[in-house]
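Here's a structure to explore together. Take a moment to turn it around on your screen before reading on.

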Amino acid sequence: MSPAIEPTPPATPRIGVTGVVRRVDGADRSGVNAAYLRAVLSAGGLPFVLSPLLGPELAPAALGGLHGLLLTGGEDLDPAWYGATPSPRLGPVDRARDAFELAIFAEARRRGLPVLAICRGLQLVNVALGGTLWQDLPSERPGRPHDAAAPRTARVHRVRIRPGSRAARALGAAELVTNSFHHQAVRDLAPPLEATAFAEDGVIEAVEERDGGPWLLAVQWHPEEFHADPAAPDGGLFAALVEEARRAAALNAPRDPAASDPDRSSRGTTRGRSRR
Ligand code: MN
């Protein structure tokens, strides 16, 4: 807990969580796997689902008043974004979602917001910053345990985490056995990124930004699935995002339109800021 004299940070930073559009029972529905929302709530954040229906043009407006961004899992990325020909084994893609998330990731960076990216989110970050992907891990790197047909909370393979990295600090561990259900993975790492966790077969399981730039951490497994276990190290990733969102909110407060809303000023945030 922060001491009471810390200036400005909102008690519950607002975290944008990218959603999906899926056809269920004959109707298009838009939402997100509830585990992501529960994981953000458990970490003390206030999650808001950002539907890809908004489109890239509304990405800047969608981030208004938010303090952090969570890029979630889902469909394969369209390989056209990184200049590759589609593999016959490419899974379903959603170019509209790709376009929305690429735009919102770029906008989050422009605003200096912290970003946690999970599974497809890691892949999107890598592609956005100039990297490429394995399109079909089972055929391109066969015999590996990544597309496990196990329960979503089954820990199926070991991950080694670089000591001192952002991932290691957030998880409080240098090694972890993770769940794994991802069809794609990083092939060529984007130049600004550093790989800080690996599976035993060399598949990249976490990336972060080298130096400078806004806080960015991405993992290939699904830490949100462990939200119900307060002892799971995976929860540290969401705690780190929420803590960084508090910090970003404090730094951005003078330029944040939400800072002038009556709800926040009534909590004395302006007075707090003047002490800094
Ligand atoms: Mn894996």
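What follows is a walk from one strand to its partners, and then on to a metal site.

Keep in mind that this is a predicted model. Let's start at strand 6, which covers residues 115–118. Which way do its side chains point? Val115 and Ala117 face one way, while Leu116 and Ile118 face the other. That fits a general habit: in a regular strand, side chains alternate between the two faces of the sheet. Here, all four of these residues are buried.

Now look at who sits beside strand 6. Strand 5, residues 68–71, pairs with strand 6 in the parallel sense, over three bridges. If you want to spot the pairing, find leucine 69, which stands opposite valine 115. How does the chain get from one strand to the other? Strand 5, helix 3 (residues 95–110) and strand 6 form a right-handed β-α-β unit.

Strand 6 also pairs with strand 13, residues 216–219; these two run parallel and are joined by four bridges. There, leucine 116 has leucine 217 as its bridge partner.

Next stop, the manganese ion. Which protein atoms hold on to it as donors? They are His146 (ND1), His157 (NE2), Ser180 (OG), His182 (NE2) and Glu205 (OE), at 2.2 to 2.4 Å from the ion. Along the chain, the donors follow the spacing H-x10-H-x22-S-x1-H-x22-E. Histidine 182 and glutamate 205 link distant parts of the chain: histidine 182 is in the loop between strands 9 and 10, glutamate 205 is in strand 12, and they are 23 residues apart.

Are these two buried or exposed? Histidine 182 has a relative accessible area of 1%, so it counts as buried. Glutamate 205 is buried too, because its relative accessibility is 0%, and the cut-off for buried is under 20%.

Notes:
Residues numbered from 1 in each chain as written. Predicted model: local features only at pLDDT ≥ 70, side-chain atom pairs only at ≥ 80, totals over all residues. Heavy atoms only, no water. Buried < 20%, exposed > 50% of the residue type's maximum accessible area, 1.4 Å probe, protein only. Pairing = 2+ DSSP bridges. Right-handed = clockwise from strand over helix to strand, strands pointing away. Donors = N, O, S within 2.8 Å, 3.2 Å for Na, K, Ca; no water.
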